[in-house]
Amino acid sequence: MTTHSLSPIPFLDLKGQHAALKEELLALFAQALDKAEFIGGGQVAGFEAEFAAFTGAAQAVGVANGTDALRLALLGLGIGPGDRVVTVPNTFIATVEAISHCGAHPEFVDVEPDTCLMDPNRLETFLKARFTGGPAAERPRAVIPVHLYGQCADMTAIRELAARYEVLVLEDAAQAHGATHAGHPAGSMSPTAFSFYPGKNLGACGDAGAVTTQDPALAERLRVLRDHGQTAKHQHQVIGCNSRLDALQAAALRVKLPHLPLWNTRRRAVADRYDAAFANLGWLRPVTIRANNLPARHLYVVHAREREALQEHLSRQGVNTALHYPVPVHLQPCYAHLGHAPGSFPHAEASARELVSLPLFPEMDDDQVARVIAAVLSHDMDRLLP
Ligand SMILES: *Cc1c(COP(=O)(O)O)cnc(C)c1O
């Protein structure tokens, strides 16, 4: 029996999540209309307090989106023109855009081939070279590890290196709400940027983001920056911008946040079933999860030989897939001026060529999970036939 007569399995289904919460969300939207409270107010402050508590940070500052969370956090940390900031090439482009929009210069280190996360050994080699030789102007001021697919980078090693070389750390946890590293939640270890784009583990009903920090002075600078640099009415102390979190999004996020732990648990259960089913395939290898990490499992990603053939096969079986991300940032046209040739970051480039993301969302039922597994394994069978 082929499975394509059944309804296709979407890559992500947000409608299911919203159906369950619709009445609650509509009531809050109605309340906002009645009060005409759209910017600032109790919902924003309430969400900030609850999200700070969730991440174990002293403060959370709501902003307009995840890209602004990165950009404003860098500005708040004092990054500006002429500064160098190190990150990884296999990320969503926003990580690098944020560096550029501060006037800073992005630099890259390659990733570990199995986790696809920043490789602390390569970071060490990079920092050592820049801090022991070469011009002082080429010493990086900050590093942005990206917790890709919902798993924290090795923050133990990265923070130790950052302390040794006195560089700042900003974590990109846009995909890692609820992940932990060595027992520490993402958001609690360094200043951290989160996105609440609808498809993230915690998603608003539109764009939203936040920065978490243990440093009240940084939080205060961010509150000033996001609101036109105002320190008091009509007092614009710094050149800021408009990047406020709006009240409707904050209200929606407050409805969803209490569900996040269970949603993440369900994501992990689905991903664990995939891991078990795909453990011994020579042609397909799931991204590795480190033993001291509890991942948020934002995406379920595998390295596949002949990725396109697998995607076509799964599509015929009614299983939708996606690519995260097929072109590494250093090879994007907009960063051609950085002069990184193909081959500069081999592991990031291999991941761009090989990775496929399978359906994973908390509302997936066991039958859908079984169908994805059967579809993947039947591709294996196809390959074994003469
Ligand atoms: C989604 C995402 C961002 C940007 O968030 P937006 O809210 O879409 O601006 C940044 N970094 C990573 C790794 C992301 O996945």
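How many nonpolar, polar and charged residues does the lining of the largest pocket have? By class, 16 are nonpolar, ten are polar and four are charged. Before going further, a reminder that this is a predicted model.

Let me stay with that pocket. The volume of the largest pocket is about 500 Å³. Its lining counts 30 residues, and those nearest the centre are Phe92, Ser195, Tyr197, Lys200 and Tyr325. As for secondary structure, at least two lining residues come from each of helix H3, residues 66-76, helix H4, residues 94-101, and strand S9, residues 192-195.

Next, the ligand. Around the ligand there are 15 residues, and Gly66, Thr67, Asp172, Ser195 and Lys200 come nearest. Two of these names you have just heard: Ser195 and Lys200 are also among the residues nearest the centre of the largest pocket.

Now the polar contacts, one side chain at a time. Lys200 places an N or O atom of its side chain 2.7 Å from an oxygen atom of the ligand. For Gln175, the distance from a side-chain N or O atom to a ligand oxygen is 2.9 Å. Asp172 goes with a nitrogen atom of the ligand instead, and a polar atom of the Asp172 side chain lies 2.8 Å from that nitrogen. How much of the ligand does the protein bury? The ligand taken alone exposes 380 Å², and 93% of that is buried by the protein.

On to the second largest pocket. This one holds about 150 Å³ of space. The residues that line it are Ile39, Gly40, Gly41, Val44, Gly62, Arg223, Arg226, Asp227, Arg244 and Leu245. By class, that lining has three nonpolar, three polar and four charged residues. The charged ones can be picked out of the list: Arg223, Arg226, Asp227 and Arg244.

Last item, a sheet. Strands in a sheet pair through backbone hydrogen bonds, in either a parallel or an antiparallel way. Which of the two applies here, parallel or antiparallel? The pairing is antiparallel, in an open sheet of three strands ordered S8-S7-S14. Strand S8, residues 184-185, and strand S14, residues 293-294, are the edge strands, and each of them pairs on one side only. Between S7, residues 180-181, and S14 there are two bridges. Taking one residue of that pairing, His181 has Asn293 in S14 as its bridge partner.

To recap the ligand site: the side chains of Asp172, Gln175 and Lys200 each place a polar atom by the ligand.

Methods
Residues numbered from 1 in each chain as written. Predicted model: local features only at pLDDT ≥ 70, side-chain atom pairs only at ≥ 80, totals over all residues. Heavy atoms only, no water. 1 Å grid on protein atoms, 1.4 Å probe; cavity = no way out; pocket = protein on both sides within 12 Å on 5 of 7 lines; lining within 4 Å. Points joined across faces, edges and corners; volume = space filled by probe spheres on them. Helix = DSSP H or I, 4+ residues; strand = E, 2+ residues; numbered from the N terminus. Pairing = 2+ DSSP bridges. Near = heavy atom within 4 Å. Polar contact = N/O pair within 3.5 Å; in protein donor to acceptor, adjacent residues only side chain to side chain. Areas by Shrake-Rupley, 256 points an atom, 1.4 Å probe, with all protein chains shown as cover.
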